[in-house]
Amino acid sequence: MARVAIQTLAGRQKLAQPECENLRVLLAAQLAQQADDLAALTRISWAYACLGRGTDALRSAHRAADLLPLSKDPYSGHYFLNGLAQIAAHSGDADTALQIIGVLLSTPAGDTMSALRLKLDPVWDPLRADPRFQKLADDITPPAS
């Protein structure tokens with residue numbers, strides 16, 4: 001799974017197509033047996049993104065985020081919401097990605113979201129030219145003491 005995400009982040013989806021398709025098939029079989037498997041939903045969303053199937057990628061990432069929302073689990077829910085923002089960014093849905101980033105920045109999102117992470121993490125590269133993203137990444141406020 002990690003290689004698929006790395007290939008996608010590196011813009012080498014065409015090179016990784018066979019591996020992405022193999023992963024998609026394995027995860028689809030797993031999800032056929034357990035449709036609410038959060039890890040499998042997250043992984044298959046990256047496989048779909050690698051395959052250029054943005055609608056399917058977003059659907060899977062939305063499902064994971066919907067199954068464990070912040071309101072149900074504020075500790076773990078932000079991981080799946082962050083995953084949805086990442087998939088949205090890589091599927092061309094900047095509006096959704098930026099909305100979620102704003103939500104996560106306004107909540108205690110632990111190690112998944114911060115303005116500094118926005119600046120450093122290559123997962124956000126598709127959004128870098130967007131002025132809304134730049135504003136979010138530049139809004140570093142020092143922690144309260």
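The buried residues of helix α5 are covered by elements that include α3 (38-50), α4 (54-67) and α6 (94-105). I should state at the outset that this is a predicted model. Helix α5 itself runs over residues 77-90, and its 14 residues reach 20 Å from the first C-alpha to the last, close to the 20 Å expected at 1.5 Å a residue.

How many of the residues of α5 are buried? The count is 12 of the 14, so the helix is largely enclosed by the rest of the structure. The buried residues are Gly77, His78, Phe80, Leu81, Asn82, Gly83, Leu84, Ala85, Gln86, Ile87, Ala88 and Ala89. After the helix comes Gly92, which has a positive phi, near 85°.

One residue of this helix may serve as an example. Gln86 is placed in α5, and its relative accessible area is 15%. Because the cut-off for buried is under 20%, Gln86 counts as buried. Apart from residues up to four places away in sequence, Gln86 touches Trp46, Val123 and Trp124.

Let me turn to the nonpolar core. The largest one has 42 residues, and those that touch the most other members are Leu84, Ile87, Ile101, Leu118, Trp124, Leu127 and Phe133. Two or more residues each come from α1 (2-9), α2 (13-33), α3, α4, α5, α6 and α8 (131-138). Which element gives the most to this core? That element is α3, with nine residues.

Ile101 shows what such a position looks like in detail. When neighbours within four places in sequence are set aside, Ile101 is in contact with Ala85, Met113, Leu118, Trp124, Leu127, Phe133 and Leu136.

I come next to the pairing of α2 with α3. Two packed helices are described by the angle between their axes and the distance between the axes. Here the axes of α2 and α3 come within 8 Å and cross at roughly 150°, and the crossing is left-handed. On the α2 side, the contact is made by Gln13, Ala16, Gln17, Cys20, Leu23, Arg24, Leu27, Ala28, Gln30 and Leu31. On the α3 side, the residues are Ala40, Leu41, Arg43, Ile44, Ala47, Tyr48, Ala49 and Cys50. By character, the residues of this contact divide into 13 nonpolar, three polar and two charged.

Finally, I should like to consider three individual residues.

The first topic is Ala115, in helix α7 (residues 115-120). Its relative accessibility is 8%, and Ala115 therefore counts as buried. Between the C-alpha atoms of Ala115 and Asp73 there are 23 Å, with their positions 42 residues apart along the chain.

Next, is Lys135 of helix α8 buried or exposed? Lys135 is exposed, at a relative accessible area of 61%. From C-alpha to C-alpha, Lys135 and Val123 lie 17 Å apart in space, and they are 12 residues apart in sequence.

The last is Asp130, located in the loop between α7 and α8. Although Asp130 sits in a loop, its relative accessibility is 16% and it counts as buried. Which residues does Asp130 contact, leaving aside its neighbours within four places in sequence? The contacts of Asp130 are Ala94 and Leu98. Gln33 is 97 residues from Asp130 along the chain, and a separation of 40 Å lies between their C-alpha atoms.

Technical notes. Residues are numbered from 1 along each chain as its sequence is written. This is a predicted model: local features need pLDDT of at least 70, side-chain atom pairs count only at pLDDT 80 or more; totals for chains, interfaces and linings use all residues. Side-chain values use heavy atoms; hydrogens and water are left out. Helices (H or I, at least four residues) and strands (E, at least two) are DSSP runs, numbered from the N terminus. The expected span of a helix is 1.5 Å times one less than its number of residues. Buried means under 20% relative accessible area, exposed over 50%, partly exposed in between (1.4 Å probe, protein chains only). Contact means heavy atoms within 4.5 Å. A nonpolar core is a set of buried Ala, Val, Leu, Ile, Met, Phe, Trp, Tyr and Cys residues joined through side-chain atoms within 4.5 Å. Axes are lines fitted to C-alpha atoms, for helices over the stretch in contact, and angles run from 0 to 180 degrees between N-to-C directions. A crossing is left-handed if the near helix is turned anticlockwise from the far one by less than a right angle, and right-handed if clockwise. Ala, Val, Leu, Ile, Met, Phe, Trp, Tyr, Cys and Pro count as nonpolar, Asp, Glu, Lys and Arg as charged, and the others, Gly among them, as polar.
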